[in-house]
Amino acid sequence: EQNRLDFLVARLFERHDKRHLHYHALAEEEVCAIARPDHPILSLDTPDLAGLARGSWIVPPEGSVLRHRFELMFRSAGLQPPRHVLATTALMFLTKMLQESDYLAVVPVDVARHYADHGMVGIVPVDLSCRMDSFGIITRTDWLLSPGARTVLQALQETATEIYGTPAPQ
């Protein structure tokens, strides 16, 4: 709104004024549960939601979209959301707590895979029904991009196509 940014990679929600914005979705963001590599839950074939509700969790702060959807997932299944939770968005704190405790955490799948590839966490074999909205590139429709911004935007779109298979906007 203040013309300080040429473009943004973010989510666009209903509450946003979109009159002068163009949104190009890049990818949906699925989430999963993670735990320390030797956490007992990882030895279960299919942990159930009731068991997960009794666990200790690291979750996003109250008021965040993921926290709301995480809690709603349990309520929709007729369960109380986990009561023993730590709220944070700090990934360093989250990974340290997971390594030294029996906490579980809900994170985007891409984040989970990165930490799992480095042996820091294990991905809990359960399908969480809570999802994040897609994220994408937001530009203004009433503002011309500088040549430098267009070059960076094009590189971003090409990389998104490689990673997510997202076609570039026409």
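Leaving aside its neighbours within four places in sequence, which residues is L52 in contact with? I will start there and work outwards. One caution before that: this is a predicted model.

The residues that L52 touches, with those sequence neighbours set aside, are I41, W57, F74, P82, L104, V126 and L128. L52 also belongs to the largest nonpolar core, which has 19 residues. Within that core, the residues touching the most other members are L52, W57, F70, V106 and L128. Two or more of the core residues come from each of β2, α1 (49–53), β3, α2 (65–76) and β5. The top contributor is α2, with 4 residues. There is also a second core, separate from this one, made of 12 residues, among them C32, I34, A105 and Y115.

Next, the strands. β7 covers residues 131–140, and 8 of its 10 residues are buried, so the rest of the structure largely encloses it. What does β7 pair with? β1 is one partner, antiparallel, over 4 bridges. Strand β2, residues 21–35, is another, also antiparallel, and 8 bridges join it to β7. I137 in β7 is a useful residue to look at here. I137 is the bridge partner of V9, and H24 stands opposite I137 as well.

That brings me to the pockets. The largest has about 470 Å³ of space. It is lined by 20 residues, and those closest to its centre are E1, L8, L21, I138 and R140. β1 (7–10) and β7 are the elements that give two or more residues to this lining. These two strands are the antiparallel pair with 4 bridges that I just described. By class, the lining divides into 8 charged, 7 nonpolar and 5 polar residues.

The second largest pocket holds about 320 Å³. Its lining has 17 residues, with P60, L66, T89, V106 and P108 nearest the centre. V106 has already come up, as one of the residues with the most contacts to other members of the largest core. At least two lining residues come from each of β3 (57–59), α3 (91–99) and β5 (104–108). β5 gives the most, with 3. As for composition, this lining has 12 nonpolar, 3 polar and 2 charged residues.

To recap the two linings: 8 charged residues in the largest pocket, and 2 in the second largest. β7 supplies two or more residues to the lining of the largest pocket, while β5 supplies 3 to that of the second. That is what I have.

Definitions and conventions:
Residues numbered from 1 in each chain as written. Predicted model: local features only at pLDDT ≥ 70, side-chain atom pairs only at ≥ 80, totals over all residues. Heavy atoms only, no water. 1 Å grid on protein atoms, 1.4 Å probe; cavity = no way out; pocket = protein on both sides within 12 Å on 5 of 7 lines; lining within 4 Å. Points joined across faces, edges and corners; volume = space filled by probe spheres on them. Nonpolar A, V, L, I, M, F, W, Y, C, P; charged D, E, K, R; others polar. Buried < 20%, exposed > 50% of the residue type's maximum accessible area, 1.4 Å probe, protein only. Pairing = 2+ DSSP bridges. Core = buried A, V, L, I, M, F, W, Y, C linked by side-chain atoms within 4.5 Å. Contact = heavy atoms within 4.5 Å.
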